[in-house]
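Dear colleague,

I am passing on the structure we spoke of, together with a short account of what was found in it. Please read the notes below with the coordinates open beside them.

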Amino acid sequence: MIFAPENAAMKEYLRLFTTFAKIGAFTIGGGLAMIAIIREELVLRKKWIDDDEFMDIFAISQSLPGLLAVNISIFLGYRLKGVKGSFVATLGSVLPSFLIILAIAMVFTSFKDNEAVIAIFKGIRPVVVALIAVPTIQLAIKNKLNIWTGGIAAVTILLILLLNVSPIYILLIVGVGAFGFAKYREMKG
């Protein structure tokens, strides 16, 4: 059994790949719509991370450029298996979507004006909205939003919706403010 360690390592990489391939293949809408499925797989089923770690990885992944699911797969793959794990998880995350989009692009042009296809896409839209809303509410409950954090969330929503303020500016201001507040409390206490 000289190859047993390699087989065990290969199984772990295969498990990482298939987990993210499942996420990539069976989530409609991508991005924020994937949050519930990613959390279910990583936190509840595999127990690779807990809710706090998930929130940290989600916050960082959402703040960085690039696709949310890819950023999360990079972080988690690296956390579990280093650079190779990061590569394997990322490949698992993007390969199914790439293949599905490639297949759709090859045949979609002949069906794009089909009333049934148009109706299907219109029917999927509200589901995607729900797929984004549910994990957002779940994360808010899990993080025990209080008057201050709930207020920050509400003001952020208003700034983005009503005044078209870039989320980047909001993240920078809140990040600097939170850092300053933490330093103030540290000096005071």
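What follows concerns a pair of helices and then a pocket.

Please bear in mind throughout that this is a predicted model.

The helix pair consists of helix 6 (residues 147–163) and helix 7 (residues 167–188), whose axes come within 10 Å and cross at roughly 150°. Because angles over 145 degrees count as roughly antiparallel, helix 6 is roughly antiparallel to helix 7, and the crossing of the two is right-handed. On the side of helix 6 the contact is made by Ile-152, Thr-156, Leu-159 and Ile-160, while helix 7 contributes Pro-167, Ile-170 and Val-174. Taken by class, the residues of this contact comprise six nonpolar and one polar, with no charged residue.

The second subject is the largest pocket, which holds about 1,600 Å³ of space. It is lined by 32 residues, of which Phe-58, Ile-152, Ala-153, Thr-156 and Leu-171 are the closest to its centre. Ile-152 and Thr-156 therefore deserve a second look in the viewer, as they are listed both in the contact of helix 6 with helix 7 and among the residues closest to the centre of the pocket.Two or more lining residues come from each of helix 3 (51–63), helix 5 (115–142), helix 6 and helix 7, and helix 7 gives the most, with eleven residues. The lining as a whole has 24 nonpolar and eight polar residues, and no charged ones.

With best wishes

Key
Residues are numbered from 1 along each chain as its sequence is written. This is a predicted model: local features need pLDDT of at least 70, side-chain atom pairs count only at pLDDT 80 or more; totals for chains, interfaces and linings use all residues. Side-chain values use heavy atoms; hydrogens and water are left out. Axes are lines fitted to C-alpha atoms, for helices over the stretch in contact, and angles run from 0 to 180 degrees between N-to-C directions. Helices (H or I, at least four residues) and strands (E, at least two) are DSSP runs, numbered from the N terminus. Angles under 35 degrees count as roughly parallel, over 145 as roughly antiparallel, 65 to 115 as roughly perpendicular and the rest as oblique. A crossing is left-handed if the near helix is turned anticlockwise from the far one by less than a right angle, and right-handed if clockwise. Contact means heavy atoms within 4.5 Å. Ala, Val, Leu, Ile, Met, Phe, Trp, Tyr, Cys and Pro count as nonpolar, Asp, Glu, Lys and Arg as charged, and the others, Gly among them, as polar. On a 1 Å grid over the protein atoms alone, a cavity is a set of points where a 1.4 Å probe fits but cannot get out, and a pocket is an open set with protein on both sides within 12 Å along at least five of seven lines; lining residues have an atom within 4 Å of a point. Grid points are joined across faces, edges and corners, and a volume is the space filled by probe spheres set on the points.
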